[in-house]
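Biologist: Please take a close look at a single part of this model for me, and explain each term carefully as you go, since I am in my first year.

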Amino acid sequence: MERLDGLLAEARQLSEACHIPGRDCFAAFRDLTKRILALTVAHGTSASLVGSPQRSGRALVVSGTRTDPYAPLRLRSGGSLVIFISLDNHGDEGYLRVIESKFQYATGEGKDDWVFRYDFLRSPKNRYPAAHLQINGDVLPGVPNRPERHLPDIHFPVGRPTLEGVIRLLIDQLGVTSNEPASVWRPVLAVTERSFLDNAHQPLSGPDDYDESEDSN
Amino acid sequence: MRSRRFWTRTCVQVPGTERPCILVGNAGEAEDVKYRILKQETTGSDFVLSRDEVVHFIELKARAARNMSGSQLLHAFRSGRLENAGEVAEALIMADLLPDDDPLLSGGAA
């Protein structure tokens, strides 16, 4: 219980630090990401903060490394999770914002071995939802009048995708092993996810002014 | 000054001088005081990418996934013509490390 109290206190402190304007919010976000991954599905190095001298106030949190930023996080029980998040602190009064994010789970090494992908774009460029889910599957053969569009190409609108939500999905429904028992990670993820969602921008499920005539899809 | 979580060693040039100097401290210090940043190194797993490195990684994903240049990929995305953008989202997100007036974003050469 004492250990859990300590983890919860740390989770609250890091969550609060993410919402304090200034440059330390980037490192706090990175620390928070690494902490929840360490408690749950991460196997080895989990997340890195990536900066660039030519773009101040902007950073990435990625699952990869310097030599391969695109490398996914290896999960304890096999499979992998791509985590790629773009952050800035140019919003109102310098608060931290997620600009874009990608969470993709795969069970193999091949390009088509992905199972699902959550994407978020603060400023989408086409008619698809700013926050959406794609699934690498197919509608069952017996279903009448099956959509012409392949299932992986359908962008299902969702609320703001969270890393916590992805982790819960992996552990609760996809059999991914967790490093800590549920009695530890569930309360911690509840704290961090609530803190994020209480402050997160919630996008519409589609654009309000997209010109269909420019659509090539 | 070394913090527990994240510190940066930055090679900078003070405006009006010729000799570069080294700052050891939080990542924001060098930019906050308007030094010209020559090189940066960070602790732990964190890292800093130069423009050439950012462009390299964008090109890598664009060529491997869509057989097009990084510039073509970014231009297609910004004009709303990029299909299945999520497949190459890493390259699009990587481009967020470039300034808005970077030639790669305006359709110029990498």
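Modeller: Two strands are said to pair if DSSP finds at least two bridges between them, and the strands themselves are DSSP runs of E with at least two residues, just as helices are runs of H or I with at least four, both numbered from the N terminus. This is a predicted model, in which local features need pLDDT of at least 70 and side-chain atom pairs count only at pLDDT 80 or more, while totals for chains, interfaces and linings use all residues. Residues are numbered from 1 along each chain as its sequence is written, chains are lettered from A and ligands numbered from 1 in the order in which they are written, and side-chain values use heavy atoms, with hydrogens and water left out.

The part I have chosen is strand β2 of chain A, which covers residues 58-62. On one side, β2(A) pairs with strand β1 (residues 48-51) of chain A in the antiparallel sense, over three bridges, and within this pairing Leu49(A) stands opposite Val61(A). These two strands, β1(A) and β2(A), form a hairpin with six residues between them, and in that turn Gly57(A) has a positive phi of about 75°.

There is also a pairing with strand β4 (residues 80-88) of chain A, which runs antiparallel to β2(A) and is joined to it by five bridges. Here Val62(A) has Phe84(A) in β4(A) as its bridge partner.

We can now turn to the side chains. In a regular strand they alternate between the two faces of the sheet. In β2(A), Arg58(A), Leu60(A) and Val62(A) lie on one side, Ala59(A) and Val61(A) lie on the other, and all of them are buried, so that both faces are covered. Buried here means under 20% relative accessible area, with exposed meaning over 50% and partly exposed in between, for a 1.4 Å probe and protein chains only. Because five of the five residues of β2(A) are buried, this strand is largely enclosed by the rest of the structure.

For some wider context, we can apply the same terms to chain B. Chain B has four helices and four strands, and from the N terminus on its elements run β-β-α-β-β-α-α-α. Of its 110 residues, 49% count as buried.
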